[in-house]
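Thank you all for making the time this morning. I would like to walk you through one structure, and I will ask you to keep it open on your screens while I talk.

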Amino acid sequence: MKFSFKIGSIWGIPIELHITFLLLILAIFVLSILSNMNFYFFFLVLFLFMFVVLHELAHSVIARRYGINVRKIVLYPIGGISEIEELPDTPSQEWRMAIAGPLISLAIGFAILAVSLILSPDLLPAVIKFTTTGNLLFDIATLNILLGIFNLIPAFPMDGGRVLRAVLAQRMKYSAATRIAVTIGKILGIVMVVVGFIFPSYFLLIIIGLFVYLGAGEESDQTTISPKLSQLHVKDVMQPEVAGVGPTQTLIEALDVMFTNRYNNTLVQNNGTLIGVITWNELMKVPAEQRAFLRVEQMPLLKISIFEDASILEADKIRKREKIDLIPVVQRENPNKVTGTLTSEGITNAYEKTKNR
């Protein structure tokens, strides 16, 4: 999903905060001011933010154990999403990755709950009600347990939906298993929205229901599109024109090419032979007064390219990993010979065409 911004990184994994989480924090902050400066719930939500990060890091640790790269983590009020570059090789890997987050949340929740009850035995009756009590430890425990239970619901986009798909995928086609988990997710989302409208005191269910419904649909699209994209080749959407710079040209000239073509990187080649790719970020590290004198060959260059017969899916992984808008296309039999370029627009168009088929 879109509308998120980076707030930092852990273990090299970018952490992004979705705007809905920010709106929740702002809403509770405003309500705290209106309710005689009672900021208890505001700080409680900030603690929830920290534990959602731990929840998602649990997914990432298991993913890395299986050699799967985690592109980024996006945090939402009811959990988060760890965006991985590829699906696990087997259903057993997928359910282990999926269940790691809820198990961590439940483990943290019950551990803190035990500590809070030892320190305050009088809170034991509140365990049955499962509501906030004003005791920080107890309420943090409750939030973690609720986070774990909610994400175990067997419907997309919750972790339980991925566990369900993995279990079903052992008995049927992966696409069929996805459809079942997605359908349950959409039905759950609709039910939440309806309940939220019928009972105004549960208005938050409308927001959560919309998130669940849209998340399930996005998962369905991604699962449907990915296999088709793997069959679409770079040569089908690449541009034969090659706009780049030579190794002896200045950084100012390289910047001019980027501005003209509106990409954040450009090819460096010598008489059709690929040397590398120079990026906007590297150029911005050089003081402006030096850009007219330094040559492109003096800069760090990315050594990346994509073969003509490679899939669009593979090319998109490179684009996202390197954060570039333009990838040089080369021949498999002659990896240094540039035959064209694949742009971010070309990849986007491939996605749209595949989605509309």
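I will go through the helix packing, then the two sheets, and finish with an aromatic pair.

Before anything else, please bear in mind that this is a predicted model, and that what I say about it is computed from that model.

Let me begin with helix α5, which covers residues 136-151, and with its packing against helix α3, residues 91-119, where the two axes lie 7 Å apart at an angle of about 155 degrees. Because angles over 145 degrees count as roughly antiparallel, that is the description that applies to α3 and α5. The crossing of α3 past α5 is left-handed. If you would like to find this contact on your screens, look on the α3 side for residues including Pro102, Leu106, Phe110, Leu113 and Leu117, and on the α5 side for residues including Leu137, Phe138, Ile145 and Ile149. Glycine takes part as well, with Gly109 contributed by α3 and Gly148 by α5. Sorted by class, the residues of this contact comprise 16 nonpolar and 6 polar ones, with no charged residue among them.

Helix α5 also packs against helix α2, residues 40-65, and here the axes are 10 Å apart and the angle is about 45 degrees, which makes α2 oblique to α5. In this case the crossing is right-handed. From α2 the contact draws on Tyr40, Leu44, Phe47, Leu48, Phe51, Val52 and His55, while α5 supplies, among others, Leu136, Asp139, Leu143 and Leu147. The tally for α2 with α5 is 10 nonpolar, 3 polar and 1 charged.

Returning to α3, what partner does it meet at roughly 160 degrees? That partner is helix α6, residues 159-169, whose axis comes within 8 Å of the axis of α3, and the two helices are therefore roughly antiparallel to each other. They cross in a left-handed sense. On the α3 side the contact is made by Pro91, Glu94, Trp95, Ala98, Ile99 and Pro102, and on the α6 side by Asp159, Arg162, Val163, Arg165, Ala166 and Ala169. Here the classes divide into 8 nonpolar and 4 charged residues, with no polar ones. Pro102 of α3 appears in this contact with α6 and also in the contact with α5.

Now to the sheets. One is an open sheet of 3 strands in the order β5-β6-β7, with mixed pairing, and its edge strands are β5, at 244-245, and β7, at 273-279, each of which pairs on one side only. Strand β6, residues 265-270, runs antiparallel to β7 and is joined to it by 6 bridges, and within that pairing Gln269 has Leu274 of β7 as its bridge partner.

Another open sheet of 3 strands has the order β8-β9-β10, again with mixed pairing. Its edges are formed by β8, 306-307, and β10, 338-343, and since each has a single partner strand, one side of each is left without a neighbour in the sheet. Between β9, residues 326-330, and β10 there are 5 bridges, and these strands run antiparallel, with Leu326 standing opposite Thr343 of β10.

Finally, the aromatic rings. The count comes to 1 aromatic pair, formed by Phe259 and Trp280, whose ring centres are 5.6 Å apart and whose planes stand at 85 degrees, so the arrangement is edge-to-face. Since Phe259 lies in helix α9, residues 251-261, and Trp280 in helix α10, residues 280-284, the pair ties together parts that are 21 residues apart in sequence.

Notes: Residues numbered from 1 in each chain as written. Predicted model: local features only at pLDDT ≥ 70, side-chain atom pairs only at ≥ 80, totals over all residues. Heavy atoms only, no water. Axes fitted to C-alpha atoms, helices over the stretch in contact; angles between N-to-C directions. Helix = DSSP H or I, 4+ residues; strand = E, 2+ residues; numbered from the N terminus. Parallel < 35°, antiparallel > 145°, perpendicular 65-115°, else oblique. Left-handed = near helix turned anticlockwise from the far one by under 90°. Contact = heavy atoms within 4.5 Å. Nonpolar A, V, L, I, M, F, W, Y, C, P; charged D, E, K, R; others polar. Pairing = 2+ DSSP bridges. Phe/Tyr/Trp six-rings, centres within 6.5 Å; stacked < 30°, edge-to-face > 60°.
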